[in-house]
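Trainee: Could we go through this model together? I would like to see how each label follows from its value.

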Amino acid sequence: MLLGSTGSIGTQAADVIRRNPGRFRVVGLAAGGSNPGLLAAQALEFGAAVVAVDRESAADAVRDALAALAGQAGQPGTARSAPPPTVLAGPDAVTEVAAWPADVVLNGVTGFGGLAATLAALQAGRVLALANKESLIVGGPLVAGLAAPGQIIPVDSEHSAIAQCLRGGAAHEVAQLVLTASGGPFRGRSRAELDGITPEQALAHPTWDMGPVITINSATLVNKGLEVIEAHLLFGLGFDKISVVVHPQSVIHSMVEFTDGSTIAQASPPDMRIPIALALGWPDRVPGAAPAIDWSTAHTWTFEPLDEEAFPAVTIARAAGQAGGTAPAVYNAANEVCVDAFLSGKLPFAGIVDTVAQVVSEQDGRVGGAVTLADVRAADGWARTRASELAATWGLRAHHVVGAALKRGESPG
């Protein structure tokens with residue numbers, strides 16, 4: 001089952017599946033519905049039995065595209081298509097197909113919307129190839145507590161790398177996890193030099209080709225903050241044993257340091273088809289998922305400490321993760337609103353993380369204890385409303401919460 005099939009992760013997963021027809025079969029697809037033509041083409045190509053879109057308004061466009069493509073396939077001299085898939089639409093459609101019979105559910109849905117699908121897939125006993133990090137982060141113990149050992153396979157390149165490196169030692173031998181970060185397009189800039197950045201500049205990632213939200217998150221380092229929380233939940237290590245290092249070449253995707261002083265790293269070109277293929281075939285590898293490193297040419301790989309004054313998103317995320325409860329959900333929700341505001345020209349680039357910091361500092365939800373799905377949804381809704389309010393008044397106030405707090409030595413969270 002492929003959720004988010006028309007997005008960046010979904011189309012790369014489709015490429016892996018397309019090149020391995022004897023190994024993988026697609027039973028269903030799900031997407032938002034913004035690209036009905038591509039969704040219909042995927043459904044007919046792979047013979048999916050069901051297609052789900054979360055917007056009712058997109059259902060007719062998908063059905064029309066399916067009919068048009070099926071008609072073309074039925075013309076003389078062309079291959080005859082499989083029976084048309086069932087089309088489901090509505091806010092619960094993606095969640096419904098996440099529980100359909102399948103060996104593996106790849107959740108490539110973007111943002112908080114992927115949480116319900118994650119929970120449905122786990123409850124149905126499916127192996128969950130998880131690219132939607134937000135659902136694990138906001139769901140926290142709800143998701144981690146529901147999953148059986150080995151039921152969640154990470155798709156993020158960093159967590160896929162850690163999972164591979166952990167094969168090199170026992171759990172008690174792990175000293176720390178080291179997440180690598182490219183540093184994004186503004187690596188090396190000071191806080192002052194982040195003024196005036198445009199969406200076009202922020203979307204120009206130096207090494208990865210990703211969707212707009214994750215690309216902006218990589219530019220602000222919010223994505224790395226989310227990954228720190230995700231690593232804590234996936235691998236069960238304390239935040240004091242999870243560090244971040246900047247590696248601009250994006251070839252070493254993360255590392256595990258062991259207690260004897262050795263470090264194991266996973267290296268490959270920055271191509272998401274490698275961790276996607278591994279998650280689909282876990283624990284086995286899929287030959288030829290993507291080109292390997294060319295060892296016949298010279299390479300230089302560098303590592304730098306993270307500048308947490310210019311890019312405090314990881315600091316804020318770490319504080320939210322340590323607080324627990326609904327704090328990670330608030331961090332994620334505020335960021336999603338702020339990214340949208342930035343892309344629409346309503347918020348400056350530096351204002352994304354500043355606003356997230358203020359929302360996290362104001363949250364009064366349940367922190368540190370067990371939370372329910374209702375708690376998470378309430379915290380998510382409050383954070384979105386508050387972030388929208390702050391973004392709308394950005395030009396009317398001096399808003400440098402993070403910089404001032406860090407200078408005073410305070411925690412921004």
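Mentor: Gladly; we will take the sheets, then the helices, then the aromatic rings, and keep in mind that this is a predicted model.

Trainee: Let's start with the sheet that has the order S4-S3-S2-S1-S5-S6-S7. What kind of pairing does it have?

Mentor: The seven strands of that open sheet are paired in parallel. Strand S3, residues 50-53, is joined to S4 by four bridges, and one of the pairings sets Val 51 against Val 87 in S4.

Trainee: How do you know that S3 and S4 count as a pair?

Mentor: Two strands pair if there are at least two bridges between them. S3 and S4 have four bridges, so the criterion of at least two is met.

Trainee: And what makes S4 and S7 edge strands?

Mentor: Strand S4 (86-89) and strand S7 (152-154) each have a single partner strand, so one side of each has no neighbour in the sheet.

Trainee: Which strands stand at the edges of the sheet with the order S11-S10-S8-S9-S12?

Mentor: That one is an open sheet of five strands with mixed pairing. Strand S11 (263-267) and strand S12 (304-305) are at its edges, because each has a single partner strand.

Trainee: How do S10 and S11 run, and which residues stand opposite each other?

Mentor: S10 (residues 252-258) and S11 run antiparallel and are joined by five bridges. Ile 252 stands opposite Ala 267, and Glu 257 is opposite Thr 263. Their hairpin has four residues between the strands, and Gly 261 there has a positive phi near 95°.

Trainee: Now the helices. What makes H5 a largely enclosed helix?

Mentor: Seven of the nine residues of H5 (residues 115-123) are buried, so the helix is largely enclosed by the rest of the structure. The buried residues include Leu 115, Ala 117, Thr 118 and Leu 119. Just after H5 comes Gly 125, with a positive phi of about 85°.

Trainee: Which residues of H2 are buried, and what follows that helix?

Mentor: In H2 (residues 36-46), the buried residues are Leu 39, Ala 40, Gln 42, Ala 43, Leu 44 and Phe 46. Gly 47 follows H2, and its phi is positive, near 70°.

Trainee: Why is Gly 321 called buried?

Mentor: Buried means under 20% relative accessible area. Gly 321 has 13% relative accessibility, so it counts as buried. The residue is found in helix H13 (residues 313-323). Leaving aside neighbours within four places in sequence, Gly 321 is in contact with Ile 229, Phe 239 and Pro 328.

Trainee: How are H8 and H11 arranged?

Mentor: Helix H8 (residues 157-165) packs against H11 at an angle of about 35°, and their axes are 10 Å apart. The crossing is right-handed.

Trainee: Which residues make that contact, and how do they divide?

Mentor: H8 contributes Glu 158, His 159, Ile 162 and Ala 163, while H11 contributes Lys 224, Glu 227, Glu 230, Ala 231, Leu 234 and Phe 235. The contact residues divide into five nonpolar, one polar and four charged.

Trainee: Last, the rings. How many aromatic pairs are there in the whole structure?

Mentor: A search of the whole structure gives three. One of them is Phe 186 with Phe 349, which is edge-to-face, at 5.1 Å centre to centre and 70° between the planes.

Trainee: Why is that pair called edge-to-face?

Mentor: Ring centres must lie within 6.5 Å to pair, and planes over 60 degrees apart count as edge-to-face. With 5.1 Å and 70°, Phe 186 and Phe 349 satisfy both conditions, so the label holds.

Trainee: What does the pair tie together?

Mentor: Phe 186 lies in the loop between S8 and helix H9 (199-202), and Phe 349 is in helix H15 (residues 349-362), so the pair ties together parts 163 residues apart in sequence. Both Phe 186 and Phe 349 are buried.

Trainee: And what makes Phe 186, Phe 342 and Phe 349 a cluster?

Mentor: Ring pairs link them. Phe 342 and Phe 349 form an edge-to-face pair too, with 5.7 Å between centres and 70° between the planes. Phe 342 is buried.

Key:
Residues numbered from 1 in each chain as written. Predicted model: local features only at pLDDT ≥ 70, side-chain atom pairs only at ≥ 80, totals over all residues. Heavy atoms only, no water. Helix = DSSP H or I, 4+ residues; strand = E, 2+ residues; numbered from the N terminus. Axes fitted to C-alpha atoms, helices over the stretch in contact; angles between N-to-C directions. Left-handed = near helix turned anticlockwise from the far one by under 90°. Contact = heavy atoms within 4.5 Å. Nonpolar A, V, L, I, M, F, W, Y, C, P; charged D, E, K, R; others polar. Phe/Tyr/Trp six-rings, centres within 6.5 Å; stacked < 30°, edge-to-face > 60°. Buried < 20%, exposed > 50% of the residue type's maximum accessible area, 1.4 Å probe, protein only.
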